[in-house]
Amino acid sequence: MTLIRHNDGVLDAAHDCVLAYGVRRTTLTDVARRAGVSRMTLYRRWPDVRSLVADLMTREWLRAVEDLDLSDPVAAVVEGVRRLRAHPLWVKIVEADPELLLPYLLQRRGATHDAVLAVLERVTGDPRAARAVLLVAQSFLISAPAMTGPGPEGADSDTVTLDDLDAELATLLEGYLGQLAQRP
């Protein structure tokens, strides 16, 4: 018997509820109703909506990056950032419930971090480099939208787009990974 904690039907129902209502307005009762299971079945596996959403985020973020072509690590990381940035669940959480992301930015790694770090360690051959690449990619995922648009008032600058910033991410990673390859 498959544990419900990994039940795609429940996670699909949670996905639909979060997209419809946001995390704060989603209840386990809503998810249970949509999934066609009892509320107590959910409460046995998830003590609250946040723990359910954490499992949902892990599933969705890993699905978004699972088929990246790692033969070009720079392109893979940039494409992964683009996919996550455009993912409907990411967009909804950033718009409606951004505080949900804070523990993963300030206090602890999540399951997605660990899975991505394992891949990056294989690609870079170095756990420190894998963490550095993940930190850079994460900053571009989270903060790049705030850095788009025109420069400061009075500055003589062009408008900066997400594509421009993604190109800069590629340049940063190419330089770093190139230097990494030259280390003894």
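# A guided tour of pockets, a ring pair and salt bridges

Select Asp97 to begin: with a relative accessibility of 2%, this residue counts as buried, because the limit for that class is under 20%. The model on display is a predicted one. Asp97 sits in the loop between α6 and α7.

**Stop 1: the partner of Asp97**

Now add Arg24 to the selection. The side chains of Asp97 and Arg24 meet in a salt bridge, 2.8 Å from N to O. This bridge links distant parts of the chain, since Arg24 belongs to the loop between α1 (8-21) and α2 (28-35), and the two residues are 73 apart. The side chains of Asp97 and Arg24 also make a polar contact, at 2.8 Å. Is Arg24 buried or exposed? Arg24 is exposed, with a relative accessible area of 59%, whereas Asp97 counts as buried at 2%.

**Stop 2: the aromatic pair**

Next, select Trp61 and Trp90 and display their rings. A pair of aromatic rings is described by the distance of the centres and the angle of the planes. The count of aromatic pairs comes to 1. Trp61 and Trp90 form that pair, in an edge-to-face arrangement with 5.7 Å from centre to centre and 70° between the planes. The edge-to-face label applies because the angle is over 60 degrees. Trp61 lies in helix α4 and Trp90 in helix α6, so the pair ties together parts that are 29 residues apart in sequence. Both Trp61 and Trp90 are buried.

**Stop 3: the second largest pocket**

Keep Trp90 selected and add the other residues that line the second largest pocket, among them Arg85, Val91, Val94, Glu95 and Pro98. The lining also includes Leu101, Leu105, Leu141, Ile142 and Pro145. The elements that give two or more residues to this lining are α6 (88-96) and α9. Which element supplies the largest share of the lining? Helix α6 does, with 4 residues. The space in this pocket is about 190 Å³. Coloured by class, the lining shows 9 nonpolar residues, no polar residues and 2 charged ones.

Within this lining, centre the view on Val94, which is found in helix α6. Val94 is partly exposed, with a relative accessible area of 37%; the class follows because this value falls between the limits of 20% and 50%. For a distance check, pick the C-alpha atoms of Val94 and Ser139: these residues are 45 apart in sequence and 14 Å apart in space.

**Stop 4: the largest pocket**

Move on to the largest pocket, which holds about 790 Å³ of space. Of the 38 residues that line this pocket, Leu84, Thr112, His113, Val116 and Leu134 are the closest to its centre, and they make a convenient selection. To see the surrounding framework, display helices α4 (49-65), α5 (73-86), α7 (102-106), α8 (111-124) and α9 (127-143), each of which supplies at least two residues of the lining. How many residues of each class form this lining? They divide into 27 nonpolar, 7 polar and 4 charged.

**Stop 5: further salt bridges**

The whole structure contains 15 salt bridges. Return to helix α4 and select Arg63 and Glu60. Arg63 forms a salt bridge with Glu60, and their closest N and O atoms are 3.8 Å apart; the pair qualifies because the cut-off is 4 Å. Arg63 and Glu60 are 3 residues apart in helix α4, so about one helical turn separates them. Arg63 counts as partly exposed, at 39% relative accessibility, while Glu60 counts as buried, at 8%.

For another bridge, select Arg128 and Asp126. The closest N and O atoms of this salt bridge are 3.3 Å apart. Arg128 is exposed, with a relative accessible area of 63%, and Asp126 counts as buried, at 11% relative accessibility.

To finish, select Asp8, Asp12, Arg59, Glu60 and Arg63 together. Salt bridges that share partners join these five residues into one network. The bridge between Arg63 and Glu60 can be viewed again here, with both residues as members of that network.

Notes: Residues numbered from 1 in each chain as written. Predicted model: local features only at pLDDT ≥ 70, side-chain atom pairs only at ≥ 80, totals over all residues. Heavy atoms only, no water. 1 Å grid on protein atoms, 1.4 Å probe; cavity = no way out; pocket = protein on both sides within 12 Å on 5 of 7 lines; lining within 4 Å. Points joined across faces, edges and corners; volume = space filled by probe spheres on them. Nonpolar A, V, L, I, M, F, W, Y, C, P; charged D, E, K, R; others polar. Buried < 20%, exposed > 50% of the residue type's maximum accessible area, 1.4 Å probe, protein only. Phe/Tyr/Trp six-rings, centres within 6.5 Å; stacked < 30°, edge-to-face > 60°. Polar contact = N/O pair within 3.5 Å; in protein donor to acceptor, adjacent residues only side chain to side chain.
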